[in-house]
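Good morning, and thank you for coming. I would like to take you through one protein model, beginning with a term that we shall need throughout.

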Amino acid sequence: MRTLLEYLQGLATQAIASQFPVLSESEREADVAFCAQEEFGHYQCNSALRLSKLVQMNPRAVAQKIIDGLPLELQKNAASISIAGPGFINITLSSNFLSEQLQKMFIDPMLGASIPQKKQKIVVDFSAPNIAKELHVGHLRSTIIGDCLCRLFEFLGADVLRLNHLGDWGTQFGMLIAYMKQFVPAVLAGDQAADLSTLMSWYRSSKKHFDENPEFQKRAQLEVVQLQSGNPASRKIWELICNISSQGYEEIYKLLDVTLESRGESFYNPFLPGIVEELEQKGLVTVSGGAKCIFVEGFQNREGEPLPLMIQKSDGGYSYDTTDMAAMKHRIFTEKADRIIIVTDNGQSTHFAMIFAAAEKAGWLDKRRVEVDHVGFGLVLGADGKKFKTRSGDTEKLIDLLLEGIDKAREVLLEKMPGASPEEIAASAKVIGIDAIKYADLSSLRTKDYTFSYERMLRFDGNTALFLLYAYVRINGIKRKVHDSVSVLQNSRFDVQHASEISLAIHLRRFAEILQMFVRDLCPNRLADYLYVLAEKFNAFYRDCRIEGAPEQNSRLLLAELTAHVLKQGLEILGLQTVERM
Ligand code: ARG
């Protein structure tokens, strides 16, 4: 299905072309936008002002000419078309037309969205913690924003590769291997198990030894060489470390309902020498201070000096930059990605801008064929406005944060649902606690910092997960009350008449339009805001329009049912689950 915006844009473009044949193809393109103020209309065409200069006519006269040129079809589908101010054309769609539109949307599994003709391959690089370190609050954003983007493209029919670009390679493994050989041989022998927290404590101790003991330091460095040259014993310990970490991460991913394919930095390791060689052959490499660098025009450090990507250090080692260059090449040529999306904090935006630019210079990336995006995000702040910390001042572990959210949700539910069984409370608390945390994050503009507050995210009013879930639960309640099943609705038709019905109708029909914007700017709060307004409009409709026993009962039930579909689908794209009662 086309969106209403596309539909109206098409008609207005036709009108302009027929009325002003002197204009070029691109000049005829109509500029239609959703009308932010409902009282003026549903959509507006803003082309008259631009065209007035081109055709040397007064803008209101241009607007009138455009209206005269609009196909008859629109005269029928619109309740009114009028000129406002200096020449805006306001279009209010008719009840009939909107009702028909909803009817079509109701039977469309895509709810009005369309799937690109060619199946898109989308690579999303997200979450990506560093092995032997626990996931902390900073990984929350990458994980849930990344997952949400995957869900968006999956809904739109793409082939999505969800990549966990784990930090599973580097000098820290030397320390850890040296430490484990010396202090925990039983674990290495397989006689004793270990979990991620234990691994982290070893990591901390190994770092201490490394800093304080030159002999240990030497051994650690030798271990790095052993590992990198493929020594089987070292490789085995490395695998053990990765496995222990992954098991720890899995618990969190499961709780967050996020799936990922592990493809860490180590995966690209075999390609690195070839990557450096190719970049050298292409003449992109400059040696600076003994290191092999790529200088990309336009990137400078704070002192105004040119900023390089360092693809080989002076000691011959490779870096984060080298791996990301290898990953770019692999994703473009082996994965044949149409779009590559990398989700990390804003701090890495320069790094990725440089990686993208260098990939273009290398002739790998042609931006007309492959779209690349670094999806940056701000910090999670505590009530004090500083980086979120635990009460003792430590970095908050993500698992503790999630479990506390579930706990707090349980308290809220116990109060709200005194009659519910402990099992139901426990199950709902898990859904609602996680939903609340995810929604608080996704509903804030991702490029900005936001303040984490359980109290605020677990409110029933305002732009919260609970507000949306409650609207969803309420609709199910209405359905239960009026009909045991909605199957009676099969032969009913939408017929929106009341102002609150029309307002809800037009908003419902915009679902696909919002997804299109979301695909463009990759900002989840677009969808969150949309759903929030949807719930508000539904509540207004429910307040103003009686359903049960009214002559309009069936049409109104349909409207409620479609709202539930869109809410559920929207929440699913955000990665939120629903409950049946609360
Ligand atoms: N492990 C990195 C970090 O924690 C994030 C990796 C992001 N992806 C990438 N291709 N560099 O900062």
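Two strands are said to pair if DSSP finds at least two bridges between them. With that term in hand, consider β5 and β6, which pair in the parallel sense over five bridges. Within this pairing, V124 stands opposite R162 in β6. Please keep this pair of strands in view, as I shall return to them shortly.

I should state at once that this is a predicted model.

Let me now describe the whole protein. The protein has 582 residues, of which 53% count as buried. It contains 24 helices and 14 strands. Along its principal axes, the C-alpha trace spans about 85 × 70 × 40 Å. The protein exposes about 26500 Å², and carbon and sulfur atoms supply 50% of that area.

How does the chain make contact with itself? Among the contacts with a separation of 6 or more, 74% are accounted for by residues 24 or more positions apart. As for charge, the protein has 66 positive and 73 negative charges, and the mean positions of these two groups are 2 Å apart.

I turn next to the sheets. As a general reminder, the strands of a sheet pair through backbone hydrogen bonds, either parallel or antiparallel.

The strands β5 and β6 belong to an open sheet of five strands. Its order is β7-β6-β5-β11-β12, and the pairing is parallel. Which strands lie at the edges? They are β7, residues 261-262, and β12, residues 371-377, each of which pairs on one side only.

Strand β6 covers residues 159-164 and pairs with β7 in the parallel sense over two bridges. One residue to find here is N164, whose bridge partner in β7 is S262. Is β6 enclosed or open to the outside? Five of its six residues are buried, so β6 is largely enclosed by the rest of the structure.

A helix also lies against this sheet. Helix α15, residues 320-334, lies across β5, β6, β11 and β12. The helix runs at about 150° to β11.

Let us look at one residue of the edge strand β12, namely V372. Is V372 buried or exposed? A residue counts as buried under 20% relative accessible area, and V372 has 14%, so it is buried. Leaving aside its neighbours within four places in sequence, V372 is in contact with M328, I340, F356, L365 and K367. V372 and R339 are 33 residues apart along the chain, yet their C-alpha atoms are separated by 5.7 Å.

The second sheet I wish to show is an open one of three strands, in the order β8-β9-β10, with antiparallel pairing. Its edge strands are β8 and β10, residues 306-312, and each of them pairs on one side only. On average, neighbouring strands of this sheet are turned by 50° against each other, with direction ignored.

Strand β8, residues 285-288, is joined by four bridges to β9, residues 291-300, and the two run antiparallel. In this pairing, V285 stands opposite I294 in β9. The two strands form a hairpin with two residues between them. G289, in the turn, has a positive phi of about 60°. On to the next pair: five bridges join β9 to β10, which also run antiparallel. There, C293 stands opposite M310 in β10.

The glycine in that turn leads to my last topic, the backbone angle phi. In general, most residues other than glycine have a negative phi. Two residues of this model deserve attention in that respect.

The first to consider is Q56, which has a positive phi of about 55° although it is not a glycine. Q56 is found in the loop between α3, residues 47-55, and α4, residues 59-69. With a relative accessibility of 70%, Q56 counts as exposed.

The other is A132, a residue other than glycine with a positive phi near 75°. A132 has its place in the loop between β5 and α7, residues 137-155. Is A132 buried or exposed? At 1% relative accessibility, A132 counts as buried.

To close, I would ask you to locate both residues in the display: Q56, which is exposed, and A132, which is buried. Thank you for your attention.

Terms used:
Residues are numbered from 1 along each chain as its sequence is written. This is a predicted model: local features need pLDDT of at least 70, side-chain atom pairs count only at pLDDT 80 or more; totals for chains, interfaces and linings use all residues. Side-chain values use heavy atoms; hydrogens and water are left out. Buried means under 20% relative accessible area, exposed over 50%, partly exposed in between (1.4 Å probe, protein chains only). Contact means heavy atoms within 4.5 Å. Accessible areas come from the Shrake-Rupley method with a 1.4 Å probe; for residues, only the protein chains shown count as cover. Lys and Arg count as positive and Asp and Glu as negative; His and the chain ends are not counted. The place of a charge is taken as NZ of Lys, CZ of Arg, CG of Asp or CD of Glu. Axes are lines fitted to C-alpha atoms, for helices over the stretch in contact, and angles run from 0 to 180 degrees between N-to-C directions.
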